[in-house]
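Colleague: I've got this model open and I'd like to learn how to read its packing and backbone. Could you walk me through it?

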Amino acid sequence: MEKLEQLYEGKAKKIYRTTDEQVVWISYKDSATAFNGEKKAEIQGKGRLNNEISTILFELLKEKGISSHFVKRISETEQLVKKVKILPIEVVIRNIAAGTLAKRLGIPEGQILPRTILEYYYKNDDLGDPLINEDHIDILELATKEQLQQISEQAFKINELLTSYFADKQVKLVDFKLEFGVDENGQLLLADEISPDTCRLWDAETNEKLDKDVFRRELGSLTDAYEKILKRLGGLSCTK
Ligand code: C5P
């Protein structure tokens, strides 16, 4: 398969067409952004780390029966995925209060929630990705009721699988964001990436932050934190 022209450039990835109409070629960038693109930096090695971590997690989920766009990792910073139309919804699952939940509702960061919650955000940079509910999704026609039902079932299932997987590696899965897409047959597939850019991951003993909050809050070296995660997941390209 060959890489053809670029179709799209996002904040963290570039997407290329390939000679297979149903497959796109993704290249992970070394760019880090936060606060809706207001804070930006180039961090050497970030693309490689996220590509490998996301590969490990998508392969795990595939083994456990979660259908996704993931096909295979093809180099340190690249992977092939099935072409899908991404639904403009960010699905956030939260186990422990942090980030915008802690801020919005005044719940202390680190407080374990009485139960896992799910939130939807409208993926729209101009609007700053606002929090939305099922009625908003319905009137904006962002997804059908059936798709939303499947999305929420899958999101909670993925949370169970990832929470127990990370717990075995002495990591707490605080919260994370998922995206879903629809393939040419209308099948809903988990898409995008699952990495320390899209999850909050804390060391189980010390609560050390091992995710993008290191960059957002300037807590130290982002690549050191991501390397720690990759190492605990048994990643092969660890440099430390
Ligand atoms: O910022 P907030 O607390 O709402 O983020 C919840 C979770 O979703 C975090 O793990 C964060 O990394 C992730 N997220 C993301 N992309 C966004 C917004 C949030 O990956 N655009």
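Modeller: Sure, and keep in mind that this is a predicted model. Let's begin with a contact between helices: Lys-46, Leu-49, Glu-52 and Ile-53 in H1 meet Leu-222, Thr-223, Tyr-226, Glu-227, Ile-229 and Leu-230 in H6. Sorted by class, that contact between H1 and H6 has 6 nonpolar, 1 polar and 3 charged residues.

Colleague: How do I describe the geometry of a pair like H1 and H6?

Modeller: The general idea is that two packed helices are described by the angle between their axes and the distance between the axes. Here, the axes of H1 (residues 46-63) and H6 (residues 222-232) come within 10 Å and cross at roughly 25°. Angles under 35 degrees count as roughly parallel, so H1 is roughly parallel to H6. As for the hand, the crossing of H1 and H6 is left-handed.

Colleague: What span should H1 have, going by its residues?

Modeller: You take 1.5 Å a residue, so the 18 residues of H1 should span 26 Å, and the end C-alpha atoms of H1 are indeed 26 Å apart. The same check on H4 gives an expected 34 Å for 24 residues, against 35 Å between its end C-alpha atoms, which agrees.

Colleague: How many residues of H1 are buried?

Modeller: Counting C-beta neighbours within 10 Å, 20 or more means buried. In H1 that holds for 13 of the 18 residues, so the helix is largely enclosed by the rest of the structure.

Colleague: And which residues are buried in H4?

Modeller: Leu-148, Ile-151, Gln-154, Ala-155, Ile-158, Leu-162 and Phe-166 are the buried ones in H4. Thr-163 also lies in H4, but it counts as partly exposed because it has 17 C-beta neighbours inside 10 Å.

Colleague: What does Thr-163 contact beyond its sequence neighbours?

Modeller: Leaving out residues within four places in sequence, Thr-163 is in contact with Asn-95 and Leu-173. You can also look at C-alpha distances: Thr-163 and Val-174 are 11 residues apart in sequence and 8.7 Å apart in space.

Colleague: Where would I look for a pair with a longer separation along the chain?

Modeller: Try Phe-215, which is found in helix H5 (residues 213-216). The C-alpha atoms of Phe-215 and Ala-32 are separated by 7.9 Å, with their positions 183 residues apart along the chain. Setting aside residues up to four places away, Phe-215 touches Ala-32, Ala-34 and Leu-222. Phe-215 is buried, since 24 other C-beta atoms lie within 10 Å.

Colleague: Now the backbone. Which signs of phi should catch my eye?

Modeller: Most residues other than glycine have a negative phi. With that in mind, Gln-170 deserves a look: its phi is positive, about 60°, although it is not a glycine. Gln-170 comes just after H4, in the loop between helix H4 (145-168) and strand E12 (171-182). Asp-192 is another non-glycine with a positive phi, near 60°, and it is found in the loop between strand E13 (188-191) and strand E14 (199-203).

Colleague: Are Gln-170 and Asp-192 buried or exposed?

Modeller: Gln-170 is exposed, with 12 other C-beta atoms within 10 Å, whereas Asp-192 counts as buried because it has 24 C-beta neighbours inside 10 Å.

Colleague: And what follows H1?

Modeller: Gly-65 follows H1, and its phi is positive as well, near 95°.

Note on methods:
Residues are numbered from 1 along each chain as its sequence is written. This is a predicted model: local features need pLDDT of at least 70, side-chain atom pairs count only at pLDDT 80 or more; totals for chains, interfaces and linings use all residues. Axes are lines fitted to C-alpha atoms, for helices over the stretch in contact, and angles run from 0 to 180 degrees between N-to-C directions. Helices (H or I, at least four residues) and strands (E, at least two) are DSSP runs, numbered from the N terminus. Angles under 35 degrees count as roughly parallel, over 145 as roughly antiparallel, 65 to 115 as roughly perpendicular and the rest as oblique. A crossing is left-handed if the near helix is turned anticlockwise from the far one by less than a right angle, and right-handed if clockwise. Two residues are in contact if their C-beta atoms, placed from the backbone, lie within 7 Å. Ala, Val, Leu, Ile, Met, Phe, Trp, Tyr, Cys and Pro count as nonpolar, Asp, Glu, Lys and Arg as charged, and the others, Gly among them, as polar. The expected span of a helix is 1.5 Å times one less than its number of residues.
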